[in-house]
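Thanks, everyone, for making time this morning. I would like to walk you through one model, starting with the whole chain and then turning to a few places in it.

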Amino acid sequence: MTDHLTAPPAPPRATAPRPTVAAYARLAKLDIVDYYIGLPLVFAMTLPLLGPRADTLGFLLLVLLAEVAVVAAMVAFDDVTGYRDGSDAANYGSDAARRRLARKPLVAGTLTEAQALRFGRAATVASVVLWTAVVALAPHRPLWAVIGAALCLVASVQYSWGLKISYRGFQELFLVGLGVGWVLVPYGLLVGHVDGFVIVQALIFGGGPMIFGLYSNTNDADGDRSAGRITVAAKVTPRTNTVFIIAVTALETLLVTGSHLLGIAPWWFPTVLLPVIALRIVQLYTGFVAGDILRARRMAIHTHRATVVLLLAANLAAPLLPDTLW
């Protein structure tokens, strides 16, 4: 009898990972609250004008849901793009222990590209629905606030997708602009107008994510450069990038002190933010003298959150403070 050769068994087909709620939560970056904490600040700023009203809290809760949906869409598409061009693997591969590789589900293998795309599209639809509801239910609808809400939504979804504005040299501008918009827009929808001091606080708030983004970009410069992502850190020399970050930090301090000297901010504003100025100096030392960029980035995140806590407390206490010190 002739023996028949038995073909080797076919290798098992790769199966898509079973998606979990935790994986989608990591994709949506729900642990990054740094844009959402502007809403308590908005509440504190509107409290002297509107009082402690339940409908204001309900409205801000709706805004929070809309913001979460926008960020979920933005970061989902950003992860897909970073996975496709290899920048996430390059930027997170060597720092997995310090930067928590699990926060990048596509690189970690806990979600597929198709799953992330479906999530991003669903979050985009939810964003449109929720922001439409926000505008429809707002006590006021100044045109600038409605346009600002739409611009924040569209720019966020296009951050790394479609127009890919973060790849075209507008990343730093976007980071500060989104923070400013997400203070001014809900404030305007609640009150109907803004004043100079509200704008100054919005600029301080928006500068926080931009500053810790600059430290991230410094660490990620090689990976971003190879992927064609245009950031300041990827396009200039390390020395020039250091000077740029120092200049941005100094500009924040100038805004804090100058707004008071120009009569825009009350006397307590620079006093309250003195700890922030000190922390910014420590960040610069940690990142560019001690050479620990990722630690400086973490410090910048905590500084942003501390800034919001200080502003929140000061705005709540402001009605009890004298108008001047003399």
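Let me begin with the contacts: among those in the protein with a separation of 6 or more, 78% are between residues 24 or more positions apart. Please keep in mind throughout that this is a predicted model.

As for the overall picture, the secondary structure comes to 16 helices and zero strands, and the C-alpha trace spans about 110 × 50 × 30 Å along its principal axes. The protein has 326 residues, of which 49% count as buried, and it exposes about 16000 Å², with carbon and sulfur atoms supplying 69% of that area. On the charge side, there are 25 positive and 19 negative side chains, and the centres of these two sets lie 3 Å apart.

Now to a single helix, α2, which covers residues 38-50. Does its span agree or disagree with what its 13 residues should give? At 1.5 Å a residue the expected span is 18 Å, and because the end C-alpha atoms are 18 Å apart, the two agree. The buried residues in α2 are Gly-38, Leu-39, Leu-41, Val-42, Phe-43, Ala-44, Met-45 and Thr-46, and these pack against α3, α9, α10 and α16. After α2 comes Gly-51, which has a positive phi, near 80°.

That brings me to backbone angles, where the background is that most residues other than glycine have a negative phi. Two lysines in the model have a positive value instead. Lys-29, in the loop between α1 and α2, has a phi near 55°, and Lys-164, in the loop between α8 and α9, has a phi of about 50°. Are these two lysines buried or exposed to some degree? Lys-29 counts as buried because its relative accessible area is 7%, which is under the 20% cut-off. Lys-164, with a relative accessible area of 25%, is partly exposed, because that class lies between 20% and 50%.

Finally, I would like to point out one serine. Ser-127 lies in helix α7, which runs over residues 113-137, and it is buried, with a relative accessible area of 0%. Which residues does Ser-127 touch, if we leave out those up to four places away in sequence? They are Ala-69, Val-70 and Leu-153. Of these, Ala-69 and Val-70 fall within the range of α3, residues 54-85, and Leu-153 falls within that of α8, residues 143-157.

Conventions
Residues numbered from 1 in each chain as written. Predicted model: local features only at pLDDT ≥ 70, side-chain atom pairs only at ≥ 80, totals over all residues. Heavy atoms only, no water. Helix = DSSP H or I, 4+ residues; strand = E, 2+ residues; numbered from the N terminus. Buried < 20%, exposed > 50% of the residue type's maximum accessible area, 1.4 Å probe, protein only. Contact = heavy atoms within 4.5 Å. Expected span 1.5 Å × (residues − 1). Areas by Shrake-Rupley, 256 points an atom, 1.4 Å probe, with all protein chains shown as cover. Lys, Arg positive; Asp, Glu negative; His and termini not counted. Charge placed at Lys NZ, Arg CZ, Asp CG, Glu CD.
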